[in-house]
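Walk me through this structure, from its helices to its cores and its charged pairs. Keep the cut-offs explicit.

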Amino acid sequence: MTLKERINEDVKAAMRARESRRLGTLRLLTAAIKQKEVDERIVLDDAAVLAVIERMLKQRRDSIAQFAAAGRNDLVDAEQFEAELLAAYRPAGLSGEEIGAAVARAITSSGASGPADMGKVMASLRTDLAGRADMSEVARIVKIRLTGA
């Protein structure tokens, strides 16, 4: 079963169980997937669906930070619920050692020697680690390794 099929089955299950919060979040996700398919005139595979999920998770994390700063705990709770539900569709995350090893491989394979080569390293890592690691954390690790700090 593809990821998109699994999401559609979960929408049906949420409808049957009358779980309105869960259903609303899943409908937002399916709408984002369909919008991307219509915009690009393609059928998304699992990797592209994961990219949509990652984008939505990043939006939720940003919203949580802004709502927390404004003292809106009710909105923080709603965004956290959505983020947890979306995160459940991501594959198992990589450990710190696995991320470090992937960064080291990418640096050597791209021939990167300094901070100016960070784009090349991140481009190769984006395809390898998409959906399995927080790319902002990966970027921080790459920057540290390339600057020698």
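The paragraphs below go through helices, cores and salt bridges in turn.

This is a predicted model: local features need pLDDT of at least 70, side-chain atom pairs count only at pLDDT 80 or more, and totals for chains, interfaces and linings use all residues. Residues are numbered from 1 along each chain as its sequence is written, and side-chain values use heavy atoms, with hydrogens and water left out.

Start with α1, residues 3–17. Helices here are DSSP runs (H or I, at least four residues), numbered from the N terminus. The 15 residues of α1 should span 21 Å at 1.5 Å a residue, and the end C-alpha atoms are indeed 21 Å apart. The expected span is 1.5 Å times one less than the number of residues. Leu 3, Ile 7, Asp 10, Val 11 and Ala 14 are buried in α1. Buried means under 20% relative accessible area, exposed means over 50%, and partly exposed lies in between (1.4 Å probe, protein chains only). The buried residues of α1 fall within an arc of 105° seen down the axis, so they line one face of the helix. That arc is taken from the directions from the helix axis to the C-beta atoms. The cover over these buried residues includes α2 (20–40) and α3 (46–70). Just after α1, Arg 18 has a positive phi of about 55°.

Asp 10 deserves a second look. Which side chain of opposite charge is nearest to Asp 10? It is Arg 22, 4.2 Å away, and the buried Asp 10 has no salt bridge. A salt bridge needs a side-chain nitrogen of Lys or Arg within 4 Å of a carboxyl oxygen of Asp or Glu. For charge, Lys and Arg count as positive, Asp and Glu as negative; His and the chain ends are not counted. Leaving out residues up to four places away in sequence, Asp 10 touches Arg 22, Leu 26 and Tyr 89. Contact means heavy atoms within 4.5 Å.

Now the cores. A nonpolar core is a set of buried Ala, Val, Leu, Ile, Met, Phe, Trp, Tyr and Cys residues joined through side-chain atoms within 4.5 Å. The largest one has 21 residues, and Ile 7, Leu 29 and Ile 53 touch the most other members. Helices α1, α2, α3 and α4 each give two or more residues to this core. The largest share, 7 residues, comes from α3. Beyond its neighbours up to four places away in sequence, Ile 53 touches Leu 3, Ile 7, Leu 29, Leu 86, Tyr 89 and Arg 90. A second, separate core has 16 residues, among them Ile 107, Ala 112, Val 121 and Leu 146.

Leu 57 also sits in α3. Its relative accessible area is 3%, so Leu 57 is buried. Outside the four places either way in sequence, Leu 57 contacts Ala 83, Leu 86, Ala 87 and Arg 90. Leu 57 and Gln 80 are 23 residues apart in sequence, and their C-alpha atoms are 9.7 Å apart.

Val 121 leads on to α6. This helix has 12 residues (118–129); the expected span is 16 Å, and its end C-alpha atoms are 16 Å apart, which agrees. Val 121, Met 122, Leu 125 and Leu 129 are buried in α6. They cover an arc of only 95° around the axis, which puts them on the same side of α6. Their cover includes α5 (96–110) and α7 (135–147).

How many salt bridges are there? The count is 11. One joins Glu 9 and Lys 12, with the closest N and O atoms 3.4 Å apart. These two are 3 residues apart in α1, so about one helical turn separates them. Glu 9 is partly exposed at 36% relative accessibility, and Lys 12 is partly exposed at 38%. In α7, Arg 140 and Glu 137 are also 3 residues apart, about one turn. Their salt bridge is 2.4 Å, N to O.

Arg 90 and Glu 54 form a salt bridge at 2.9 Å, N to O. This pair links distant parts of the chain: Arg 90 is in the loop between α4 (73–87) and α5, Glu 54 is in α3, and they are 36 residues apart. Arg 90 is partly exposed at 24%, whereas Glu 54 is buried at 18%. Finally, Arg 60, Glu 79 and Glu 82 are linked in a network of salt bridges.
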